[in-house]
Structure formats: structure tokens, C-alpha cells
Amino acid sequence: MGFTLYSLIEAALLCVNAIAILNEQRFLSRLSGGGGGGNRQGYPGVGGYVDDYQNVGGTKQQLLNLIRSVRTVMRVPLIAFNIVTIIFLILFG
């Protein structure tokens, strides 16, 4: 298997898929320091939209914001990209 542009695109697609399937209650609330259960302190977008996005904490908070944005925006396009990738793999191996 060679190092091609297609392999880079496929690797990026797999990484975005991994981000898209993260469970908010199990993984993201644990990272934000919210503890367990329904406590989501420090998670962007929970306390108020404007306050959370203007007062960005540190790197960890920005990473959580990126993960949440990818999960929100890329949900529908990921389905199409995955279908195209599967068809491409079936046709061309």
C-alpha cells in the first residue's frame, strides 16, 4: 500500500468519524471537568451561548469546542463522504 493522496483523505475521514461518534455524557463531560452524570460545568454552550463562546478558557476548552462543532456541523456531510468512500473502495479495491 502506497502513500497516496487518497490514503491521506481516508485517514482524515476516519479521524473526523472518530470525533463525530464521541458520546457527550461519557467522554466530553469527563474532559470538561464536570464530574459525572448530568453535571456539565465548563462545557461550552450549556450556561449560555454568548458567554461561553466569548470567554474561551484554555486549550482544553477550545478543543472541546472544536469537537462539539465537528459533531454538529459535519453530521450530514459525513454520511455522504462515507458513502462515496465505500463506493470508491468497492469499485476500485
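Which residues form one aromatic cluster? They are Tyr6, Phe88 and Phe92, and this predicted model is a good one to read with that trio in mind. Let's set the scene, then walk through the rings one pair at a time.

Start with the fold. The chain has 5 helices and 0 strands, so going by the definition of helices and strands as DSSP runs, the pattern along the sequence reads α-α-α-α-α. Of its 93 residues, 19% are buried. The accessible surface is about 6800 Å², and carbon and sulfur atoms account for 66% of that. As for how the chain meets itself, take the contacts between residues at least 6 apart in sequence: 51% of them join residues at least 24 apart.

Now for the rings. A pair of aromatic rings is described by two things, the distance of the centres and the angle of the planes. For a pair to count here, the centres must lie within 6.5 Å, and planes that are neither under 30 degrees nor over 60 degrees apart make the pair tilted. By this rule there are 2 aromatic pairs. One of them is Tyr6 with Phe88, at 4.9 Å centre to centre and 45° between the planes, which makes it tilted. This pair links distant parts of the chain: Tyr6 belongs to helix α1 (residues 5-20), Phe88 to helix α5 (residues 75-92), and the two are 82 residues apart. Are these two rings buried or exposed? Neither, quite: Tyr6 is partly exposed, at 27% relative accessible area, and Phe88 is partly exposed too, with a relative accessibility of 36%.

Phe88 has another partner as well. Its ring centre is 5.0 Å from that of Phe92, and because the planes meet at 55°, this pair is also tilted. Here the sequence distance is a local matter: Phe88 and Phe92 are 4 residues apart in helix α5, which means about one helical turn separates them. Phe92 itself counts as exposed, since its relative accessibility is 63% and the cut-off for exposed is over 50%. Put the pairs together and Phe88 is the shared member, paired with Tyr6 and with Phe92, so the three rings make up one cluster.

Finally, have a look at what the records say about this end of the chain. An unreviewed UniProt entry carries the annotation "transmembrane region" for residues 72-92. In the model, residues 72-92 are 95% helix and 0% strand, with the end C-alpha atoms 31 Å apart.

Methods
Residues numbered from 1 in each chain as written. Predicted model: local features only at pLDDT ≥ 70, side-chain atom pairs only at ≥ 80, totals over all residues. Heavy atoms only, no water. Phe/Tyr/Trp six-rings, centres within 6.5 Å; stacked < 30°, edge-to-face > 60°. Buried < 20%, exposed > 50% of the residue type's maximum accessible area, 1.4 Å probe, protein only. Contact = heavy atoms within 4.5 Å. Areas by Shrake-Rupley, 256 points an atom, 1.4 Å probe, with all protein chains shown as cover. UniProt positions renumbered as here; feature names shortened; annotations may be inferred.
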